[in-house]
Amino acid sequence: MHFISQELEDYIEKHSEKEPDLLAALNKETYQKVLLPRMLSGHFQGRVLSMLSKLIRPVTILEIGTFTGYAALCLCEGMQENGQLHTIDNKEELETIQRKYFNKSPWGGQIFQHLGDAIDIIPKLELKFDLVFIDADKENYLNYFEMVVPKMNKGGIILSDNVLWSGKVLEPLQKNDISTKVLLEYNELLKNDPRVETVLLPIRDGLTVSRVI
């Protein structure tokens, strides 16, 4: 679902920061070689992630759901010099393209890839995070949130992607639609949980910004 017209989306991109050449190359290769390339954050959302990271200036970043690494590189743009980003994905076949572009960036040695189930990996990360980006299987969003909140530094930011789910959050819930059901519960949790303050932005497929109090 397009929440705004394609013409307006094009205008927004044209009047936002230019997509860096490395990310443009990753964007192109993702669409050429990887299934479901629309999962990639893309130019406009990528610039939003970059800007948020530059405002936050995180030392430690956690990304749940790497895909081909586009969002990770955007988030690294605001990371402090001594920072590190840990990114988790369960698709082994994507590790090569991720690392290829990570190593081409200035942050290759500061990006740590974790292969496997995020539910198993997150508890093993003995770190406190300034910035977390949740962009993985929607069925586990509630679990991911509960696991990362105790690992956040005070004032840390949790970003959650796809929270409008192509507009399905406004449609009658289908009996077997687990993803939409969980996202409806997740959006209510973020709105009412006293541990965070939240704003839901209608960017692309919905991006929630939650600040840990």
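For the charge count I took Lys and Arg as positive and Asp and Glu as negative, leaving His and the chain ends uncounted. On that basis I looked up the 24 positive and 31 negative charges of the chain, and found that their mean positions lie 2 Å apart. I keep in mind throughout that this is a predicted model.

Overall fold. I went through the secondary structure and noted eight helices and seven strands in the chain. I then checked the radius of gyration, which is 16 Å and close to the 17 Å that the globule rule gives for 213 residues, so the chain is as compact as a globular protein of that length. Along its principal axes, the C-alpha trace spans about 45 × 45 × 30 Å.

Burial, surface and contacts. I found that 50% of the 213 residues count as buried, and that the chain exposes about 11,000 Å², of which carbon and sulfur atoms supply 55%. Looking at contacts with a separation of 6 or more, I noted that residues 24 or more positions apart account for 69% of them.

Entry on Q80. I located Q80 in the loop between α4 (70-76) and β2 (84-89). Its relative accessibility is 29%, and because partly exposed covers the range between under 20% (buried) and over 50% (exposed), I entered Q80 as partly exposed. Setting aside residues up to four places away in sequence, I listed R57, P58, V59 and Q110 as the residues that Q80 touches. I also looked up T60, which is 20 residues from Q80 along the chain, and recorded a separation of 8.6 Å between the C-alpha atoms of Q80 and T60.

Definitions and conventions. Residues numbered from 1 in each chain as written. Predicted model: local features only at pLDDT ≥ 70, side-chain atom pairs only at ≥ 80, totals over all residues. Heavy atoms only, no water. Helix = DSSP H or I, 4+ residues; strand = E, 2+ residues; numbered from the N terminus. Rg over C-alpha atoms; globule rule 2.2 N^0.38 Å. Buried < 20%, exposed > 50% of the residue type's maximum accessible area, 1.4 Å probe, protein only. Contact = heavy atoms within 4.5 Å. Areas by Shrake-Rupley, 256 points an atom, 1.4 Å probe, with all protein chains shown as cover. Charge placed at Lys NZ, Arg CZ, Asp CG, Glu CD.
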